[in-house]
Amino acid sequence: MKRFLLFLALAVAFTSHAQLLTLKKGTITDGIMVHDTIPETFALYLPANFDASKEWPVIFVYDMKGRGKQALSMFTGAAEEEGYILAASNDIRDSLSITQNIKISTRMFNTVSSMLPIHTKRGYTAGFSNGARFASLVPTFVKNIQGVISCGASVANTEVLTSKRPFHFVGIVGNSDFNYPEMLALEKILNRLRFPNQLLVFEGGHQWPTQEYLSTAMEFLTLASMAKGHIPSDNGFIKKVYEENLVMVNNWVASQKPLIANGLLDEVIDVFRPHLTVDSLANSKKILKRSKLFKVQSRDQNAIFFKETLIKEDYVYYLEEDILTYNYNNLGWWNYQMEELKKLGKSAKVFERQMGKRLKGYVNALIEDNIDIISIEKDVDREALIFLWMLKTITDPDNFSYYLKVISESSKMEDYGTALFYLEELLKNGFQDKKELYSLENTALLRITPQFNEIVEKYLKEARYDIIDE
């Protein structure tokens with residue numbers, strides 16, 4: 001029978017109320033109430049082979065915009081394959097305080113634990129980017145969270161980590177992700193604090209990893225549970241995962257990616273040491289590190305990281321100065337920097353191409369962080385916001401929302417020259433939603449001007465209002 005035809009009826013009893021839920025196995029059930037008296041909901045995923053007579057591991061997935069179902073959808077393939085329950089709140093927000101989000105999380109944890117047979121030593125958190133950063137905070141404040149799967153982000157704050165409350169950290173990151181150098185550095189910190197940790201690296205940028213990597217992360221957590229005696233050892237499972245990872249190592253070596261191969265080999269040795277004899281892998285690692293290609297790539301990557309750090313420092317310094325002084329004249333400098341990153345993206349040297357992608361991701365994240373900070377201030381600095389929106393049209397020209405913000409805000413201030421300039425830049429870059437354009441807030445007077453309609457007609461062929469020649 002197909003998964004969507006499988007049903008599980010659960011009678012769920014709470015301290016103050018009772019509800020009867022019908023949950024589908026093998027698909028996401030959204031909008032589950034945390035409590036009758038609390039307007040909070042979450043999404044839940046049960047594997048198709050879910051059996052209420054045994055205990056299950058659970059991963060609480062975080063999205064900082066409260067998109068629980070969307071967050072779970074990225075993990076369902078791996079969770080089905082590896083036998084994990086998933087849950088995600090629809091009420092976690094980056095606009096809320098850490099305390100508020102932890103309280104929301106705790107209520108969801110308690111509800112899920114009361115509903116389902118959750119293994120008390122196999123509770124984990126996960127997320128991507130900001131969601132991953134928050135996921136890394138949860139084990140510090142909430143008991144019984146044994147580990148974190150962090151996609152595209154380091155821990156939120158290394159200062160709150162303590163060896164008295166360690167958790168298992170599995171990071172997954174692309175080597176063109178702007179967080180890649182930070183996640184490499186995090187390994188040393190976690191090792192010093194005696195936190196069990198692994199880092200899985202793929203070829204790509206700041207993006208969700210594939211199901212293969214998420215499955216590997218879950219397998220590592222399962223193997224750790226076996227090593228601790230929380231679940232029985234499964235020799236067949238251990239052998240299968242071991243062989244799969246060795247194939248991945250060999251594939252990286254064959255494709256002349258010794259740095260990634262060496263990193264994965266490190267993790268395989270660490271994960272499988274409690275289960276198997278790994279002396280041969282240690283010898284293979286020594287041979288790999290002595291190879292000429294490994295030495296050359298290691299030296300080149302370290303040189304690139306050093307250069308990248310200096311450029312990042314420039315970005316931070318100039319952005320702070322430009323925001324404080326509303327330095328529109330420096331937009332040209334930022335445009336030049338983006339042209340330089342384009343050149344790096346076409347470099348014949350792979351590490352330079354990766355750096356170019358990381359720096360572009362970094363500068364956009366830096367600007368967005370400043371936009372978020374300014375936007376939540378009691379007295380919002382509109383001038384600073386306009387500057388940052390303008391800057392985003394340079395650093396992320398395909399994101400049309402920032403052009404629209406500038407046009408709307410400039411029209412509100414009756415600065416129609418600026419509004420018309422960004423209108424043309426918007427349309428030059430391929431924006432075609434005429435309906436959204438003609439309903440844009442604050443632009444009623446702008447839209448009836450001949451200049452506005454001339455620009456629209458030039459790029460979209462037909463303006464809504466007739467152009468009257470004077």
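Phe400 and Tyr403 sit three residues apart in helix H14 (residues 400–412), so about one helical turn separates them. In this predicted model, their rings form an aromatic pair of the tilted kind, with 6.4 Å from centre to centre and 55° between the planes. The two partners differ in how much of them shows at the surface: Phe400 is partly exposed, with a relative accessible area of 22%, whereas Tyr403, at 2% relative accessibility, counts as buried. The cut-off at work here is 20%, since buried means under that value.

That pair is part of a wider set, as the structure holds 19 aromatic pairs. Another of them joins Phe60 and Phe109, again tilted, with the ring centres 4.2 Å apart and the planes at 50° to each other. Here the partners come from separate elements: Phe60 belongs to strand E5 (residues 56–62) and Phe109 to helix H3 (residues 98–115), so this pair ties together parts that lie 49 residues apart in sequence. Phe60 has 3% relative accessibility and therefore counts as buried. Phe109 counts as buried too, at 6%.

Rings also gather in a group. Tyr315, Tyr317, Tyr318, Trp333 and Trp334 are linked into a cluster by ring pairs.

Tyr213 offers a look at a single aromatic residue and its surroundings. Tyr213 is found in helix H6 (residues 211–228) and, with a relative accessibility of 9%, counts as buried. Leaving aside residues up to four places away in sequence, Tyr213 touches Ile172, Leu200, Val201, Phe202, Met248 and Trp252. As for Tyr62, 151 residues separate it from Tyr213 along the sequence, and the C-alpha to C-alpha distance between the two is 18 Å.

Turning to how helices pack, H8 (residues 258–272) and H9 (residues 279–290) have axes that come within 10 Å and cross at roughly 160°. With angles over 145 degrees counting as roughly antiparallel, H8 and H9 are therefore roughly antiparallel to each other. Their crossing is left-handed. On the H8 side, the contact is made by Pro258, Ala261, Asn262, Leu265, Asp266, Val268 and Ile269, while H9 brings in Leu281, Ala282, Ser284, Lys285, Leu288 and Lys289. Sorted by class, the residues in this contact are eight nonpolar, two polar and three charged.

Key:
Residues are numbered from 1 along each chain as its sequence is written. This is a predicted model: local features need pLDDT of at least 70, side-chain atom pairs count only at pLDDT 80 or more; totals for chains, interfaces and linings use all residues. Side-chain values use heavy atoms; hydrogens and water are left out. Axes are lines fitted to C-alpha atoms, for helices over the stretch in contact, and angles run from 0 to 180 degrees between N-to-C directions. Helices (H or I, at least four residues) and strands (E, at least two) are DSSP runs, numbered from the N terminus. Angles under 35 degrees count as roughly parallel, over 145 as roughly antiparallel, 65 to 115 as roughly perpendicular and the rest as oblique. A crossing is left-handed if the near helix is turned anticlockwise from the far one by less than a right angle, and right-handed if clockwise. Contact means heavy atoms within 4.5 Å. Ala, Val, Leu, Ile, Met, Phe, Trp, Tyr, Cys and Pro count as nonpolar, Asp, Glu, Lys and Arg as charged, and the others, Gly among them, as polar. Rings of Phe, Tyr and Trp (its six-membered ring) pair if their centres lie within 6.5 Å; planes under 30 degrees apart count as stacked, over 60 as edge-to-face and the rest as tilted. Buried means under 20% relative accessible area, exposed over 50%, partly exposed in between (1.4 Å probe, protein chains only).
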